[in-house]
Amino acid sequence: MNEYENNRILVIDDNVDIHSDFRKILTRPGTSATSLDALEAQMLGETTAVASEQTFELAHAHQGEEGFMMLKKAKERKEPFFAAFVDMRMPPGWDGLKTIQEIRKVDVDATIVICTAFSDHSWEHIAEQVKALDKLLILKKPFDPVEVQSMARSLRERWALLKQAQLRTDELEKLVTVRTSELEIERAKDKLRMDELEVVVAERTGELRKLAMCDKLTGLPNRVQFYDRLLAAISKQQKEPSHQYAVMFIDFDRFKVINDSLGHECGDQLLRSISERLTLALSPSDVVARGTSPLALAARLGGDEFCILMEGFNDEAAVLATADRVLHILARPYDLAGRVVNSTSSIGITFSRFGYRNAEDVLRDADTAMYSAKANGRGRAVVFDHTMHERAMRRLVLENDLRHAIDRGELAAWYQPIVSLDTRQPIGAEALLRWQHQQHGMIAPVDFIPLAEETGLIVPIGIWIFEQAARQLKAFPQLQYLSVNVSRRQLAEKEFIKPLEEIIARVGVDPKRLVCEITETALTTDPEIARRAIGEIRQLGMRVFLDDFGTGLSSLGSLRRFELDGIKLDRSFLDEHTFSRRTAAVVHSAITLAGDLEMTLVAEGVESLEQVALLQSLACKTAQGYLFSRPIPASDFDVAVIAETPIRRAA
Ligand code: C2E
Ligand code: CA
Ligand code: CA
């Protein structure tokens, strides 16, 4: 039973008849109306509930004190009465008022109904003496049974409602207490969170500070930090001339090729490997802490530019030894997503003895020395000297000269025949740039094409040689085609095809007789640009040959991915020093694949009859090389002579 379901009534009266009247009224079955309810409830199986509706549990006391004791005990048993009917006059013991006052000391929940025949106590008088007035009622004797019954029922209901309300309040209170303690816990947690947050913020700030000084990809100090440290070294050296420092500029020789052909993810991985190895090369012998500051600091300045700052050495030989160790460690093979790549590095070094005042000059000279290391065959370290600076200046001048080379008529297109190994006749020729410099004489493409590409001058120069070749075709009616090299920089031009289209129209040449040679690296650097450009070239009716095949790390499979008309097998394949059965196998599969895809295959760099024999045994039909002819000016290009001389020798 719920706490709010209370059916108990206490009757306190000295008159026994009153007791039996109450019993009759409050414990007999109800009226006809409620009988119907009872019937309905019975059908629904709720008999007991309705029965108790009419029936109350009565307890009887005949004296005030007795009644009080019963009520007190019931309360203690947790079986309280919801109402007490109290007679006003009960001699010889307590009268009604005294009884009520005592009861109220132990129970304020029960409603007390004062039963009286006389107005011997005024309501005001009772009200003054008794607490819990809201639970005090007066019932006039003689009773009306219906009134008593309905009073009892409504008091029972009131009890239930009050108890429910009280319970709810209790629950609410409990809830509030729980919630409060929860809140307290939360608040404590919040405090904790604040503390945590502070730590996190502090850490994060430190991290951010570190990040601002570090290269994201490799974790090495970045340009900012490197400059900081270098400036500190410079100013220290100015104060203490005996304090020496050195800066190494490191360039990974094949980074560009690897990055372009294997993709940026592999490029990133390579950069990380390089960083790890640099760190390794500088530890432990070089990064012997003197106090806390290390003597060597490796940094990534950006792209594939790495630098090392060394300080506090007595002998420059220590720096050179470190450079050697770096070269050595960087030259070990790299495993990039399952592909093993190899490359040397070039290092340029400069020392504080050159009396630098700012960081830019130090880096510029280290960079110049690095270029010199590259020019001297790569894979080495070179120390800066002032003649290098002059050379660097000369390069600047050269760049300026190249800008005017076309206007000054210093550029020329030379041609190298492409020969059919079957008919032994030249079937085509490749146009190759030559620069006849006013002062320096003939400059080879390797010495100015990279410069032209870096500066973008290759774009107008490329258009220029394309026009030369288009015009020249008319003078070579016996040749099927002329090949022109198209640089990656040209392909990336937005309207790359437009000037070529104009030239074809203006010169009036059959575009089928023009071939564009595109390097493998150009294809892999930006496949989308390459694909689009190839489409445009072929749409004009020209053909596309893949140049330098085998140098760009791309697989044979990439041949299928582009619409190509021919492949030029790089001359490194025919190098007798490195020629092996494996090379033969690659050459053979390239030739077979070209055949399957109906592509022309041209072997480049043929210098000997042995190579011709080998190519023929591998079913290669076309070749180009010094054996047949070096590149020559158009005026010297006598097809008959070329066709006769070397082939006859070869036969
Ligand atoms: P490439 O396109 O691979 O041209 C073939 C190069 O190999 C030419 O060098 C040629 O003289 C050389 N060669 C031909 N046969 C032999 C041989 O039997 N043995 C040896 N050792 N070499 C041989 P060149 O003329 O010095 O050109 C070098 C590179 O410069 C070309 O390589 C090409 O990449 C670039 N180049 C030349 N002219 C142009 C041009 O007009 N535009 C562009 N974008 N690049 C050009
Ligand atoms: Ca070429
Ligand atoms: Ca080539």
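The following exercises, with worked solutions, concern a predicted model of a protein chain.

**Exercise 1. Overall composition**

Task: State how many helices and strands the protein chain has, and what share of its residues is buried.

Solution: The secondary structure of the protein chain comprises 23 helices and 22 strands. Of its 651 residues, 45% are buried. Turning to contacts with a separation of 6 or more, 71% of these involve residues 24 or more positions apart.

**Exercise 2. The surroundings of strand 8**

Task: Determine which strands pair with strand 8, and in which sense.

Solution: Begin with strand 6, residues 245-252, which pairs with strand 8 in the antiparallel sense over 7 bridges. In this pairing, Asp-251 stands opposite Glu-305 of strand 8.

Next, consider strand 7, residues 296-302, which is also antiparallel to strand 8 and is joined to it over 6 bridges. Here Ala-298 has Ile-308 as its bridge partner in strand 8. The hairpin formed by strand 7 and strand 8 has 2 residues between the strands, and in it Gly-303 adopts a positive phi near 50°.

Finally, examine burial: strand 8 spans residues 305-311, and 6 of its 7 residues are buried, leaving the strand mostly covered.

**Exercise 3. The packing of helix 15 and helix 17**

Task: Classify the relative orientation of helix 15 and helix 17, and describe their contact by residue class.

Solution: Two packed helices are described by the angle between their axes and the distance between the axes. For helix 15 (residues 458-475) and helix 17 (residues 497-507), the angle is about 25° and the axes are 10 Å apart. Angles under 35 degrees count as roughly parallel, and the two helices are therefore roughly parallel to each other. Their crossing is right-handed.

On the helix 15 side, the contact residues are Ile-463, Phe-466, Glu-467, Ala-470, Arg-471 and Lys-474; helix 17 contributes Pro-499, Leu-500, Ile-503, Ile-504, Arg-506 and Val-507. Sorted by class, this contact has 8 nonpolar and 4 charged residues, with no polar ones.

**Exercise 4. The environment of helix 9**

Task: Establish why helix 9 is described as largely enclosed, and identify what covers its buried residues.

Solution: Helix 9 spans residues 255-262, and 6 of these 8 residues are buried, so the helix is largely enclosed by the rest of the structure. The buried residues are Phe-255, Ile-258, Asn-259, Asp-260, Ser-261 and Leu-262. Among the elements covering them are strand 6, helix 10 (264-282), strand 9 (334-336), strand 10 (339-341), helix 16 (488-491) and helix 18 (520-525). Just after helix 9, Gly-263 takes a positive phi of about 95°.

Technical notes:
Residues numbered from 1 in each chain as written. Chains lettered and ligands numbered in written order. Predicted model: local features only at pLDDT ≥ 70, side-chain atom pairs only at ≥ 80, totals over all residues. Heavy atoms only, no water. Buried < 20%, exposed > 50% of the residue type's maximum accessible area, 1.4 Å probe, protein only. Helix = DSSP H or I, 4+ residues; strand = E, 2+ residues; numbered from the N terminus. Pairing = 2+ DSSP bridges. Axes fitted to C-alpha atoms, helices over the stretch in contact; angles between N-to-C directions. Parallel < 35°, antiparallel > 145°, perpendicular 65-115°, else oblique. Left-handed = near helix turned anticlockwise from the far one by under 90°. Contact = heavy atoms within 4.5 Å. Nonpolar A, V, L, I, M, F, W, Y, C, P; charged D, E, K, R; others polar.
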